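Work through these exercises with the structure open beside you. Try each task before you read its solution.

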Number of protein chains: 2
Amino acid sequence: MKLVVLKFGGTSVGTIKKIEKVADIIKKFKKKKYSVIVVSSAMSGVTNTLIKKSKEICENFSEAEYDVLVSSGEQVACSLIAGRLQHLGFNSRSWLAWQIPILTSGPHKNSRIIKINKNKIINFLKDDGIPVITGFQGINTVNRVTTLGRGGSDASAILIAKFFDAEKCIIYTDVEGVYTTDPNKLKKAKKISVISYEEMLEMASLGAKIMQPVSIQDARLNRIDVYVRSSFVKKSGTLITKKSNIINNKIITGISSTQNDSKVTLIGVKDKPGVAAAIFKPLSKNLINVDMVVQNISPNGKETDLTFTIKTEDLGRTKKIIKDNRHINFRKLSFEKGVSKISIIGVGMVTTPGVTFRMFQALAHKKINIKVISTSEIKISVLIDKKNTKKALEVLHKEFKLYK
Amino acid sequence: MKLVVLKFGGTSVGTIKKIEKVADIIKKFKKKKYSVIVVSSAMSGVTNTLIKKSKEICENFSEAEYDVLVSSGEQVACSLIAGRLQHLGFNSRSWLAWQIPILTSGPHKNSRIIKINKNKIINFLKDDGIPVITGFQGINTVNRVTTLGRGGSDASAILIAKFFDAEKCIIYTDVEGVYTTDPNKLKKAKKISVISYEEMLEMASLGAKIMQPVSIQDARLNRIDVYVRSSFVKKSGTLITKKSNIINNKIITGISSTQNDSKVTLIGVKDKPGVAAAIFKPLSKNLINVDMVVQNISPNGKETDLTFTIKTEDLGRTKKIIKDNRHINFRKLSFEKGVSKISIIGVGMVTTPGVTFRMFQALAHKKINIKVISTSEIKISVLIDKKNTKKALEVLHKEFKLYK
């Protein structure tokens, strides 16, 4: 049995016309003699409308009831897809998570799939059936509905692919694949044909909003090949796979950029254990997301400078929190709005010397000043003026031959 | 444990504001130390929107998937109500039919509740919990979602009241109760404080659209006292109960009227066995709903005249069907559009002579011609010109002292 898991995102099933297209895509796989498991998100907009309703009831709406509420969205989409497939003459039916069941653990709104009972679905597949499974949801040990958190339908698809040992898992969405950088920021960005889980993780957490990092991590841990492609245009998408599957002479796979960041520097921080924790604990408590953190070596062994980035919208609160926590010792606080983090990502850089130098030189040639630098095994990030973002993306695309 | 089942219809939970009101109603019962089970319909309009989607997929949309689709509506309403009750400090949660489970038999879209597992709900009630149960739905023996057909949430409430041995069952809706006749047709119609199941059945099937006949029948067979009242105004509603509970000096309880009816008469029909069946079989097959049927005694023992009423919108098709079925023998076919059936209903008439006469005389005084007459134990129906409907309702209200 060559089995494929096809997952359709909210925009792919956003209207009845689009659901008809989805059914046509499924039909093609059946023609090629594939066994198909379909996983669907809610029709686009539905989940947000439901969440809005819950907020109108009260701000701290019950998390268990939230899961009951929003899980109805996938139920609707799956019944419509299955109905359409039946109309086309296929043996198909919707499978709600509790009917399989898909078992989860963890808190409501943020559960994780721990087990999928396979018997019923396997039998249905043997009857040439096309199961249409609700993504994003499961049940817990006390039979209550749970959800996997935003983007959880991808996690459903990937774990279904794992449990049923699928040949591949295709994530249909409203973009054609993963690009060397966000095409909204650089029109000439190129589609990447193959990318490693690790690179995709860096791309995702840095702003490529195609898949949630947690889903990519699920794919990585379970070694599931994931294809990301458009349900609207017939073009090959991007394969996300393990490093050893990639034969690629490119050093850099992609470049991500952030926007609306601000840089905060604490100058003259006492260089002793526990200082960083003292700074970041109150920020974390107040749900302020700290991104890039850089600390310079203390020249005299007593003081150091600590720089981090936050979303500019959090700047006011961040200032207040730091000032209110008087036990944080520092000499001076400096802020800068309007910075952008540019990161070049690629598994190739580990084995290629001089990548850092090439990046810095390319930026210098364009007179782009680098404020802060941070590196990891497969990523180099720099902080620059936001106004130079596009220029930086362009010059780095050229430098690392990403247009080709 | 004094237990009450509170059922809220679609208009009662149509907006977040209304759901807040519903929670306030429930709160009052808790203050009075009642154990409360809540049953809810989908928010008004939701079910129709979902049905529309299914029809856009295809006209003959899968009935099993239809049930999955529309049952999502009650899921949404129940989670919102439970969330609101939690916000008010109550121990509450939604119970989806499959979680209890509520077991049904019969075909999809038109199943019947056969069993409700009580354990979980009883335990929850013991913890002072307020279960909010999805109306209108259940599961069948193969764990698939089923629905009970239109108005099925009432049936859910009544059978839940039965299985849990509730003291009473209150159906909250957008009207204040059952009226002596449709208040849209006669402004001065009075609210009925108490009515028997049998009278309510006649009222319901004759056009009082408050409860589906099947639900009233469920209440009657299980001897459940059902209160119908408004969720918007604080006024006593109508109690539907068994005849022996009713102390009432009124002969007539209510008067119903239809509109958009047409009268069809087959003159000179052969008076032999199987003739009526030969006429009504093709009509039934074509889903034409035949209402009042009257056949006069054949004067010569060979021929008879057969009259029946149908909805005027079905007149064209009815003509065609009768003409196409040439084996139906008759001499002449006559039609009349714009007739109205007026029915007086009351268990009191069985023991009161002269009711028929008083009805006919009252109509005659107003020069309203009676075209056709049909009677049952607790009902007398006449066919009149549609234009006389209001006049007839008025004079009959006076004659039988229903304004008092």
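The exercises below go from the chain contact to the helices and then to the sheets.

This is a predicted model: local features need pLDDT of at least 70, side-chain atom pairs count only at pLDDT 80 or more, and totals for chains, interfaces and linings use all residues. Residues are numbered from 1 along each chain as its sequence is written, while chains are lettered from A and ligands numbered from 1 in the order in which they are written.

**Exercise 1. The contact between the chains**

Task: Find how many residues of chain A are in contact with chain B, and which elements they come from.

Solution:
- Step 1. Apply the contact rule: two residues are in contact if their C-beta atoms, placed from the backbone, lie within 7 Å.
- Step 2. Count. 29 residues of chain A touch 29 residues of chain B.
- Step 3. Assign them to elements. Helices (H or I, at least four residues) and strands (E, at least two) are DSSP runs, numbered from the N terminus. Helix H1 (16-31), helix H2 (46-57), helix H3 (63-87) and strand S3 (92-95) of chain A each give two or more residues to this side.
- Step 4. Look for the largest share. H3(A) provides it, with 14 residues.
- Step 5. Sort by class. Ala, Val, Leu, Ile, Met, Phe, Trp, Tyr, Cys and Pro count as nonpolar; Asp, Glu, Lys and Arg as charged; the others, Gly among them, as polar. The side of chain A that touches chain B has 13 nonpolar, 11 polar and five charged residues.

**Exercise 2. The symmetry**

Task: Work out which rotation superposes chain A on chain B.

Solution:
- Step 1. Start from the principle. Two copies of a chain are related by a rotation about an axis and a shift along it.
- Step 2. Superpose by least squares on the C-alpha atoms of residues with pLDDT of at least 70 in both copies. The rotation is 180°, the shift along its axis is 0.0 Å, and the RMSD is 0.1 Å.
- Step 3. Name the relation. This is a two-fold axis.
- Step 4. Find the C-alpha of chain A nearest the axis. It belongs to A:Ser72, 2.6 Å away.
- Step 5. Compare the surfaces. Both copies use the same one: 100% of the contact residues of chain A recur in chain B.

**Exercise 3. Two helix pairs**

Task: Decide how H3(A) runs against H3(B), and how H1(B) runs against H3(B).

Solution:
- Step 1. Fix the rules. Axes are lines fitted to C-alpha atoms, for helices over the stretch in contact, and angles run from 0 to 180 degrees between N-to-C directions. Angles under 35 degrees count as roughly parallel, over 145 as roughly antiparallel, 65 to 115 as roughly perpendicular and the rest as oblique.
- Step 2. Take H3(A) and helix H3 (residues 63-87) of chain B. Their axes come within 8 Å and cross at roughly 170°. H3(A) is therefore roughly antiparallel to H3(B).
- Step 3. List the contact residues. Among them are A:Ser72 and A:Val76 of H3(A), and B:Ser72 and B:Val76 of H3(B). By class, this contact has 10 nonpolar, eight polar and two charged residues.
- Step 4. Take helix H1 (residues 16-31) of chain B and H3(B). Their axes come within 9 Å and cross at roughly 60°. H1(B) is therefore oblique to H3(B).
- Step 5. List again. The contact includes B:Ile19 and B:Ala23 of H1(B), with B:Leu80 and B:Arg84 of H3(B). Its residues divide into seven nonpolar, no polar and two charged.

**Exercise 4. The sheet of chain B**

Task: Give the strand order of the eight-stranded sheet in chain B, and find its edges.

Solution:
- Step 1. Use the pairing rule: two strands pair if DSSP finds at least two bridges between them.
- Step 2. Read off the order. It is S3-S6-S2-S1-S9-S11-S12-S10, in an open sheet with mixed pairing.
- Step 3. Find the edges. Strand S3 (92-95) and strand S10 (194-196) of chain B each have a single partner strand, so one side of each has no neighbour in the sheet.
- Step 4. Check the twist. From one strand to the next, it averages 20°.
- Step 5. Inspect one pair. Strand S1 (residues 3-8) and strand S2 (residues 35-40) of chain B run parallel, joined by six bridges. B:Leu3 stands opposite B:Ser35.

**Exercise 5. Antiparallel partners in chain A**

Task: Find which strands pair with strand S14 (residues 261-270) of chain A.

Solution:
- Step 1. Take strand S16 (residues 303-311) of chain A. S14(A) pairs with S16(A) in the antiparallel sense over eight bridges. A:Leu266 has A:Leu306 as its bridge partner.
- Step 2. Take strand S17 (residues 332-345) of chain A. Six bridges link S17(A) to S14(A), again antiparallel. Here A:Lys263 stands opposite A:Glu336.
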